[in-house]
Number of protein chains: 2
Amino acid sequence: MALNHQIREGDNPLITEEREKATFSTEALADELYGPTFAKRRRELSAAVLKMPELLDPYPHVFMDRPTKVANSMRKTVAVMEGASEIADITNRDEMGHLVCEAFGDDGFPLSIHFVMFLPAIQGQADDEQAEEWVHKAIQLQFIGTYAQTELGHGTNLRALETTATYDKNTQEFVLNTPTVSAYKWWPGNLGKTANVVVANAQLYIDGKNYGPHNFFVRIRDEETHQPMPGITVGDIGPKFGLNTNDNGFLKFDHVRIPRRSMLMRHSKVSPEGTYSPPVHPKLSYGAMIFVRATMIRMLAHSLLKASTIAIRYSCIRKQGEITRGAGEVKILDYQTQQHRLFTAMARGFAYWLVGQEIKQIYERIAEDVKQGNVDQLADLHALLSGMKSVVSFDAGKGIEQCRMACGGHGYSHASGLPEIYAVEVAGCTYEGENMVMLQQQARYLVKGVQKLAKGEELTSMLKYLGNNSNRRFRFAEAGSKIEDTLIQAMEYIARTTIQRVSARLDSLKESGLSDEDAWNENAVELTRASRTHTRLWIAVCFKDRVNRIQDPKIRAALQDILHLHLCYEVIDMSQYLLEGGYATGAQIAQVKDVLYKLLAKIRPNAVSYVDAYEVSDTELRSVLGRRDGNVYDNLLKWAQSNPLNNVEVLPAVEKHLMPMMKSAKSKL
Amino acid sequence: MALNHQIREGDNPLITEEREKATFSTEALADELYGPTFAKRRRELSAAVLKMPELLDPYPHVFMDRPTKVANSMRKTVAVMEGASEIADITNRDEMGHLVCEAFGDDGFPLSIHFVMFLPAIQGQADDEQAEEWVHKAIQLQFIGTYAQTELGHGTNLRALETTATYDKNTQEFVLNTPTVSAYKWWPGNLGKTANVVVANAQLYIDGKNYGPHNFFVRIRDEETHQPMPGITVGDIGPKFGLNTNDNGFLKFDHVRIPRRSMLMRHSKVSPEGTYSPPVHPKLSYGAMIFVRATMIRMLAHSLLKASTIAIRYSCIRKQGEITRGAGEVKILDYQTQQHRLFTAMARGFAYWLVGQEIKQIYERIAEDVKQGNVDQLADLHALLSGMKSVVSFDAGKGIEQCRMACGGHGYSHASGLPEIYAVEVAGCTYEGENMVMLQQQARYLVKGVQKLAKGEELTSMLKYLGNNSNRRFRFAEAGSKIEDTLIQAMEYIARTTIQRVSARLDSLKESGLSDEDAWNENAVELTRASRTHTRLWIAVCFKDRVNRIQDPKIRAALQDILHLHLCYEVIDMSQYLLEGGYATGAQIAQVKDVLYKLLAKIRPNAVSYVDAYEVSDTELRSVLGRRDGNVYDNLLKWAQSNPLNNVEVLPAVEKHLMPMMKSAKSKL
């Protein structure tokens, strides 16, 4: 009996022969990746969705123009919300998440901002009376909300937001206003055409004094007619690289009056007389950012593993070129270059996925602490997630593009699904904090760690390694079985020395007379690099611990191969830092490369089984190249033939423009 | 008088103040980049196009669905062909190229395959009588042709193509046939709906014997009706990442009979009796590939410089965050991280652009030699262009994405123009030979060089440096003014040692008993790396020579800053190879970084002037962020407001789906 559970009759034999080689149970690996209970529920939900045509697209959504895409997604939104209660536990975030993946794929769920940002904002920032008024209605979808913060001219720097909320004591109202074009709210998801209420961020003014940005609950479209409310200008910001189903919007307030109690008042308050009370714990606002970024890590990992699934499966169908002349064309996955592109991408995918789950648990633990007034670890987690969001979004994007290019020409077609996976995933480099800014945010925390160390202060456990001053050099040659410890020690060396070096460079520039801020900017590139090395180390450590906790020896062994590949790849990718300080020699780096190439060959027979175990359904994958059954070419032809450009044999524009042009050329002869 | 010629009244003062800082004449730099005569002609043509509304899009093409895009481009095609003769020298490839850039931007010109591949194929491979019959008609556009080689299941490996052309002696015809689904012709540009003739590549069979792939001239659509000819199935392959104006097509032959004289017979021939005569010089077929790849280098460079133009201009309009607290928000171009992303991308852009022009000249020189029967340098150039096509397409793609991300959220909008520049440019990693295959093609040539060296044979000038066995180490500290020689010597060291090392590893694997082919595959990743280091070296040398030949001292100095930045960046990017062999120390790499950071600061005041000198018109740029006048925000708002999703205030799907959903939620209360 084959260990891979995805073998079916009628499959392409080229992919069945791959599955028959599995040395581990793909179901057991799926249980490990999702937890056994949820792995089972995922399969049940995927099967149920197949029987609900109202959740599916009537034809490939990449054939639709934008208005059709948006309309289709609104239709499916209602279908999902109605159908979910029959097949899923609608209070279970994971189950609902999977259902949304099946129904919407990369295209995005029109209510995701409502549930992931708007609802948490009112839950976390409204006081009890306000929550009583709004939260239940939001959960029931009596209105659809979004979170309006970013402006046309202002992003990450909240202090510069221009929208104002001026308190009018006489009427006990706030007057919301958009004073300039650059103050238009810009980008909020589903603001353009969908949402009818928003939580809007605006500078609070009382008696001419600015109290900084605060959040306000505002109805922007009429409950009955959906027309914009008086003083409101709202619309869609136009097509984008990806996420075109989403009506990201703009919003202008023209002296819009809202009641005093529209300000979200759990933390800050304004009394009827106009007295302002500030929040007790300014750091509490980290909570929402941390939650969103922790969710992002898993989403980004998911995108990378979907891309790996498509490219690895297709690379066993596609044959091209001969390795041994006359021996016939080989599967492109037999080329070392292809294995190197795809297996390292897959390894990062598994690393990010499992680390993302660990972070989810850490977040839940810390959120409990915070409820009990303990905010100690919030700063640690906030810094780590700034770095991790940046590293994972960028490196996952690179991996997805490698998967796409590894599929050759067909990877470039929307039939592969890969262009859209990339375009959607890579937005993660920009939203929720631009990566360069985020990396520097974490760098501040790292530099502070070095300063604490210099003063002899205790470091938190995450930074303990900065104090390790062992002079030990790389011992790869002698390493034996504990390759992972050797490689992680090397990554500790890399992170420690890059952080120490940039801290020293900062100090020396300050001593030479530069202001703190100018010295920082002169080191900004090196600071982002140091930040990346720390994040990669943390991911590696967390991934290693997670893999080594696995009980089932075959599954542990299977993921250890992936772990070792990941560690070799990261160390080679950062080898200049090992060589710079003399920690390792060129010959030792060559040994790490040899181990990596051997791992590629070792992983090769199980490659399809690894991605099969991640269990992305064909419904969600939306990829002709990545189909479970491997029947690619016939389906590519069907897909192409059904595209709208083939609706007529001779396009009207050919008759109108090209045929007369050719005719006239002939008559000129 | 300001040295930047792009200052106009009404411009955003934020960009004018940048232009006023120019330390060189932007017009003089443009003359250097394009040659003075053509620089002038480009400006005249751009001005003329502005007065020809029929060449422009009636509204942003990113708002169009695919059928509208295709129709719009067919309309413009006729307008360009008709209008060109009034304003341009239609026999001048550069002038026509510029006109096409203005009218079509990244979207692609529907006749480009006709002119760049189909026409050269019949010019080069048809015999005199055939050329007499076809070439004039093709130039006059009596028909529109494309070049059909790639099949659904077969790409780079021509020997595996499945389409057959079987000679029937009785009727003196070839029978073209598509025996399987994987044999469908797939991907040829403008095959789907536009072209009515093709040059099709098929395996030639005579009396049951296969003579390999040959080219045939075939009419696929009726001259009068444009309906597919009997036995022909043809259509569009569907939407793609980019290039969606192009109706890349599929094509099936069902025993289609064509006359014997439809085979292109300049090099190979089939007599009426079925006797086959092979070509004299098999390498002659390199010519077309070399021509296309040489053209690609300039196109890819152009994309990178367009992206740099957009991102650098916008980075002087966008203000965000403070460097010194309380001093006000700064232009984002003042951040070192932003400079590092953008200036290194721009530097590679200028390097590729100028090197691309050098290659054009080398190609023209070698083409002359070939005409005189001298094919000696053809292999050198062919190898170099395989590597260069790969390195430039990939590194330019990375640079464009950095430009896009550096523009934050607005970079992700199609208003920036950047997503499309990337999606179109990055196709270059795949078409005309997949990059991993191309890099290995060059690697074969490099490894042969090492073998020749071992045998004491003479190396061609391009490979001479492989024989340099100086033990000299990096002398950066003592370098003084000749920084460029020091850095290029370092790059020579890198290329030489990576090639030598992989050659040695190949030999040792063969000695250990692996076949040549398996040993090659076990080294494939390292071979691609060696190939890249050689290409980067060659680009650097060529760029340096080009810059140092410049007469005008101010322009030479301006481009020397870019050259030095480029060299520092490449050396740092490959520093592990310098450190591995002990050529340089970590402290020396840190010195190179210091020089690079100083160059960023030095280039900063001229940044806008550098890209202004490249002179991409607003018409071609199609970017709200990159507008010459810097009036970004007002125009972003106008662009967004005019997008089709805002045609109605309340979308029908909101009325049909979302409003009833919210209403029913309320009634449940």
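**Exercise 1. Is His255(B) buried or exposed, and at what relative accessibility?**

Solution. This is a predicted model, in which local features need pLDDT of at least 70, side-chain atom pairs count only at pLDDT 80 or more, and totals for chains, interfaces and linings use all residues. Residues are numbered from 1 along each chain as its sequence is written, chains are lettered from A and ligands numbered from 1 in the order in which they are written, and side-chain values use heavy atoms, with hydrogens and water left out.

Step 1. Fix the classes: buried means under 20% relative accessible area, exposed over 50%, and partly exposed in between (1.4 Å probe, protein chains only).
Step 2. His255(B) has 52% relative accessibility, so it counts as exposed.
Step 3. Locate it. His255(B) sits in the loop between β8 (249-253) and β9 (256-259) of chain B. Helices (H or I, at least four residues) and strands (E, at least two) are DSSP runs, numbered from the N terminus.
Step 4. Check the backbone. Phi of His255(B) is positive, about 50 degrees, although the residue is not a glycine.

**Exercise 2. Describe the fold of chain A by its overall numbers.**

Solution.
Step 1. Count the elements: chain A has 23 helices and eleven strands.
Step 2. Take the box. Along the principal axes, the C-alpha atoms of chain A fill roughly 90 × 80 × 65 Å.
Step 3. Apply the globule rule, 2.2 Å times the number of residues to the power 0.38, with the radius of gyration taken over C-alpha atoms. For 669 residues a compact globule would have a radius near 26 Å; chain A has 27 Å, so the two agree.
Step 4. Look at burial. Of the 669 residues of chain A, 62% count as buried.
Step 5. Look at contacts (heavy atoms within 4.5 Å). Among those in chain A between residues at least 6 apart in sequence, 72% join residues at least 24 apart.

**Exercise 3. Characterise the second largest cavity and its lining.**

Solution.
Step 1. Start from the principle. Rolling a probe the size of a water molecule over the atoms shows where empty space is left.
Step 2. Define the object. On a 1 Å grid over the protein atoms alone, a cavity is a set of points where a 1.4 Å probe fits but cannot get out; lining residues have an atom within 4 Å of a point. Grid points are joined across faces, edges and corners, and a volume is the space filled by probe spheres set on the points.
Step 3. Count. The structure holds two cavities of 30 Å³ or more. The second largest has a volume of about 40 Å³.
Step 4. Read the lining. Its residues include Asp57(A), His61(A), Phe104(A), Thr245(A) and Arg622(A). Helix α4 (residues 66-87) of chain A gives the largest share, four residues.
Step 5. Sort by type. The lining divides into two nonpolar, four polar and five charged residues. Here Ala, Val, Leu, Ile, Met, Phe, Trp, Tyr, Cys and Pro count as nonpolar, Asp, Glu, Lys and Arg as charged, and the others, Gly among them, as polar.
Step 6. Follow one lining residue. Arg622(A) lies in the loop between α21 (618-621) and α22 (632-641) of chain A. Its relative accessibility is 24%, so Arg622(A) counts as partly exposed. Its phi is positive, near 50 degrees, in a residue other than glycine.

**Exercise 4. Work out the surroundings of two residues of chain B, Thr498(B) and His98(B).**

Solution.
Step 1. Place Thr498(B): helix α14 (residues 483-511) of chain B. With a relative accessible area of 6%, Thr498(B) is buried.
Step 2. List its polar partners. The side chain of Thr498(B) reaches the backbone oxygen of Ile494(B) at 2.9 Å. A polar atom of that side chain also lies 3.1 Å from the backbone oxygen of Ala495(B).
Step 3. Add the contacts. Leaving out residues up to four places away in sequence, Thr498(B) touches Ala530(B), Thr533(B) and Tyr577(B).
Step 4. Place His98(B): helix α5 (residues 93-104) of chain B. His98(B) is buried, at a relative accessible area of 4%.
Step 5. Find its polar contact (a pair of N or O atoms within 3.5 Å; within protein, one must be able to donate a hydrogen and the other to accept it, and residues adjacent in sequence count only if both atoms are side-chain atoms). The side chains of His98(B) and Ser46(B) are joined at 2.9 Å.
Step 6. Complete the neighbours. With residues up to four places away not counted, His98(B) touches Phe38(B), Arg42(B), Leu45(B), Ser46(B) and Glu620(B).

Note on methods
On a 1 Å grid over the protein atoms alone, a cavity is a set of points where a 1.4 Å probe fits but cannot get out, and a pocket is an open set with protein on both sides within 12 Å along at least five of seven lines; lining residues have an atom within 4 Å of a point.
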